[in-house]
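Hello,

Here is the structure I promised to pass on. Could you have a look at it alongside my notes below?

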Amino acid sequence: MGFRAVNGETASVTSRTPRDSRLRLVRNRPMATARRPAVNRGSRPAPRPPEGTPPPAELARRARAGLTGAVAIAHWAAAEHGAPGALSDGAAARAAAALGLSEPEVRRDWDRARLIGLIEHHAGTTRPGWRLQAWDRDDSAVLRGWVALLDAWSLACPAPAAAEPTAVAEVVEAVPQLLSLLQLSAGPMQISALLDMLRQRVAELRTERCEVPQDAAELQDATEPQETAQRAGSPDDAEDTATLEGLLDWVLDALSSVGALTVREEPQEGPDGPESAGSAAEEAKGDSREAELSALGSWAVWVKLEQICVAAQSPAGNIEQPAPDMLRGCAGLTPGPARAEYRAWLAARPVGSAVTELIEAARGDDALLRGLAFEALRVVGAPAEPAVRAVVGESCLRPYALLWLAEHEGADPDEALDALTREEATWLWVDTAAAISDHGESPLLVRHLESAVQGTVPALLEEVRAVGHPRTVQVLVALAAAHPDPALAKAVRRAAFQVHTGGA
């Protein structure tokens, strides 16, 4: 920068200092937060997984062993130098011949490779993803990829074509509770118990939606509305039970296929003999089977439960908050704890709706929330890519979206700044300065001046005036008030007045 303070005095510098002064603040240090101390969250020790959980290296080995087909199809796609995004019949036949598989197996592995992030879809073609490059050397990348597959289990193994969509949606929403029950049981559970839990959860979901069939509503006694609604929402009739039994089989098959659990036949015996198994179990399909989480499945569910527990214990209760309030609750945290909060908040809601909430928060007037929203979207990763690409055309989000996409495609965070034009970088500098002026401290705003890409203050002021950011005047006024150099402050105030009056 053209001017900087040295030992309390103002020194004039005619050329840029040799240090790298690009906009690090936006990516590596969330605006006005990086230098604040973390909120006191207590001395909670780092959580340890349940006893008997294999170490991460062993979990990663098991994940790799179950995903060899997806890795093979990803390498085949890489050798094709840009396979089509939708696997055509011809491409599937070529892959089947090359890999010695049937075409259904090729399509299954192709879908899994995309869900894991081993291959990525860009501009109508499929190319190797970053995760494929890290697959053999980075255990954490493998485990994150496997968890992504677990989260997308209903896409990896689609529901039966004849299944009613509403019933499928109810069961998918109920599965996290079933997985939590399996994890907390720390052992096998009878399928009949899981079916009972599924019935209860579906009934709760229907009651929450106040779902009462029309004919039941017409006959409902006005003196007993709650009891009638509860009966109407409860899946107790034979047809509903048969539907849930079939969908539970689909869930178990799907989760087994991704390696999250195992289902095995067991003799139907209770603690006091065969008769003690109970007549209720005899009515359930599969009453002689039991399900148990695999080591990978148990670990993944534990991680999600732990994230939720950590967020629930945070002072702001961020897990229950909408995106803007959650981001404000994280504004006082250093980057590590903030990312943990983002992960917990994301774990408690569907990815699609969470991404939509974050994008809407970024569109608001608060520049701090804009930067933090894209930090949270970095935690989301690949599932957020379509939404981020969709907002590249919005001027207030474009620089953030371009940086996000550059990093997502493998660019170093510092080098990602090369994806911005000079005008976009200046716009981002002003937006970051707005966040600091609203939420930060004067010394941080002064330091931010040194991060501009321009070599001199006059050049910076000229480009800031031209970029048209709606907060330009407020940013310049705040910078003039904060800077200790009277000459520089005067120049900045003059620029603010010129922008305010429309002068050159």
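Let me begin with one pair of helices: the axes of H9 and helix H10 (residues 191–208) come within 9 Å and cross at roughly 130 degrees. Axes here are lines fitted to C-alpha atoms, for helices over the stretch in contact, with angles running from 0 to 180 degrees between N-to-C directions. H9 and H10 are therefore oblique to each other (under 35 degrees counts as roughly parallel, over 145 as roughly antiparallel, 65 to 115 as roughly perpendicular and the rest as oblique). The crossing of H9 and H10 is right-handed (the near helix is turned clockwise from the far one by less than a right angle; anticlockwise would be left-handed). On the H9 side, the residues in contact (heavy atoms within 4.5 Å) include Leu178, Leu181 and Leu182, and on the H10 side they include Leu194, Met197 and Leu198.

A word on the source: this is a predicted model, in which local features need pLDDT of at least 70 and side-chain atom pairs count only at pLDDT 80 or more, while totals for chains, interfaces and linings use all residues. Residues are numbered from 1 along each chain as its sequence is written, and side-chain values use heavy atoms, with hydrogens and water left out.

Just after H9 (165–185), in the loop that leads to strand S6 (189–190), you will find Ala186. Its phi is near 55 degrees, a positive value in a residue other than glycine. Ala186 is exposed, at 72% relative accessible area (exposed means over 50%, buried under 20% and partly exposed in between, with a 1.4 Å probe and protein chains only).

The second pair is helix H22 (residues 422–439) and helix H25 (residues 472–482), whose axes come within 9 Å and cross at roughly 60 degrees. That makes H22 oblique to H25, and their crossing is left-handed. Trp429 and Ala433 of H22 are among the residues making the contact, as are Val475 and Leu479 of H25.

Trp429 turns up again in the largest nonpolar core, which has 68 residues; Trp429, Leu327 and Phe374 are among those with the most contacts inside it. Such a core is a set of buried Ala, Val, Leu, Ile, Met, Phe, Trp, Tyr and Cys residues joined through side-chain atoms within 4.5 Å. Apart from it lies another core of 64 residues, Leu178 among them.

As for the whole chain, buried residues make up 44% of its 504 residues.

Best wishes

Key. Helix = DSSP H or I, 4+ residues; strand = E, 2+ residues; numbered from the N terminus.
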